[in-house]
Amino acid sequence: MKINIQEMVKKNIRELKAYKPEEILCPIRMEANENPFTINSSLKERVLESISRISLNRYPDSLATDLRKQISAKSGIKPESIIVGNGSDELIQMLITAFCENEDKVLFPVPTFSMFGIIAKSFGVNTIEIPLDSEWDIDLAEIKKSYEKNLPKIIFLSTPNNPTGNCFSENKILDIIEKTYSLVVVDEAYADFCGKTFIDQLKHSKNLIILKTLSKVGMAGLRVGYLIASKEIINILHKIRLPYNSNSLSQGAAKVILTNNEIVESQVQQIIKGREFLLEELKKLKDKEGITPFHSNANFILFKTEKDADAIHRKLTEEGVLIRNLNSDGPLKNCLRVTVGRPEENDAFIKALKKVAQ
Ligand code: PMP
């Protein structure tokens, strides 16, 4: 008898497509919404000195106690309201593991971060996708209508939203938090680039959960995300958290970098400046190159092309610049997303785009 692996896979997994980062090698990488700046050598030395004292033969601190204390000192949130994940991806997975049964539903506006849907489907949980309006904002009436009909367990809202880059209207988010009995997950992965947060709302709303990550502000390689919620929700998540989900090296390095937060903060300011520069430059490419950029509150910009976006993307890679190709049928038709780079990378991208989009 021959083993047929495909037949053994759970049906909902068989139908899934794996999350696929861009894999082309290019000298200029502006595709993954990372921070383009590295830390300076003196901070790097402090990180190395600190992690050199870690006993690698021992398991990590399961509760990431020191790191949570450091996050608490920076944000004012009590450590017991924080849980650390191996990136915020893992925290999305923990939420669905803990709260969703097979036939449950999760709801999110689209287009948005693909992992909300991928993780839900991998657990056999139904996904309800509500299209954003023409301004890429939440369609509150449609969400409410769908809420009444489907009573989703979780509603995911990424603000600023990936890949559109804009913040959703605050009053619409508050309306959803206050008028539904779903868990509302506000994913603030890009909030450092707009300064808006819903943390204060946690005092008033038991159903609110906030996701944060260090990936976008310079520590994507460490895989550190954290979730902020009531103690009740955090304690439920601890029941299903794998015991050593956050490793010692990541905890140690993140702690040192967060202690020296002024470096990250100054990089965030440089990225915001870079974003405004790119936006202005992209706006100049309307008539001749047929480029329309969308307003952004994040560390990336979504833009639409009049010509075939696949061809522009391919030609940009030939020029040595990798950005994210989001071209697909529907609202992202001919859309590309560029992450803000270092000033010289931003210049090189604009120069290459002018050349290939004419
Ligand atoms: N949320 C959003 C909206 C994102 O865009 C991303 C990364 N692309 C994540 C969460 C996951 O981040 P992490 O690296 O912390 O897993």
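Ala, Val, Leu, Ile, Met, Phe, Trp, Tyr, Cys and Pro count here as nonpolar, Asp, Glu, Lys and Arg as charged, and the others, Gly among them, as polar. The model is predicted, so local features need pLDDT of at least 70 and side-chain atom pairs pLDDT 80 or more, while totals for chains, interfaces and linings use all residues. Residues are numbered from 1 along each chain as its sequence is written, and side-chain values use heavy atoms, with hydrogens and water left out.

**Exercise 1.** Describe the lining of the largest pocket by class and by element.

*Solution.* Let's begin with the term: on a 1 Å grid over the protein atoms alone, a pocket is an open set of points with protein on both sides within 12 Å along at least five of seven lines, where a 1.4 Å probe fits; lining residues have an atom within 4 Å of a point.

- Step 1: 48 residues line the largest pocket, and Y19, T112, F113, S114 and R324 lie nearest its centre.
- Step 2: sorted by class, the lining holds 18 nonpolar, 14 polar and 16 charged residues.
- Step 3: at least two lining residues each come from helix 5 (88-99), strand 3 (105-110), helix 6 (115-122), strand 4 (126-131) and strand 12 (324-325). These elements are DSSP runs numbered from the N terminus: helices are H or I with at least four residues, strands E with at least two.
- Step 4: helix 6 gives the largest share, 3 residues.

**Exercise 2.** Place the ligand and list its polar contacts.

*Solution.* Now for the ligand.

- Step 1: the ligand sits in the largest pocket, meaning that more than half of its atoms lie within 2 Å of the grid points.
- Step 2: 13 residues surround the ligand (a heavy atom within 4 Å), and the closest are S88, D187, Y190, T213 and S215. By class, this shell has 3 nonpolar, 6 polar and 4 charged residues.
- Step 3: look for polar contacts, pairs of N or O atoms within 3.5 Å. Ligand oxygen atoms lie 2.5 Å from a polar side-chain atom of T213, 2.6 Å from a side-chain N or O atom of S215, and 3.1 Å from a polar backbone atom of D89.
- Step 4: the protein covers 93% of the 400 Å² of accessible area that the ligand has on its own (Shrake-Rupley method, 1.4 Å probe).

**Exercise 3.** Find the cis peptide bonds before P111 and P160 and place both prolines.

*Solution.* Take each proline in turn.

- Step 1: the bond from V110 to P111 is cis, with omega near 0 degrees; P111 is in the loop between strand 3 and helix 6.
- Step 2: T159 and P160 are joined by a cis peptide bond with omega about -5 degrees; P160 is in the loop between strand 5 (154-158) and helix 8 (170-179).

Notes:
Polar contact = N/O pair within 3.5 Å; in protein donor to acceptor, adjacent residues only side chain to side chain.
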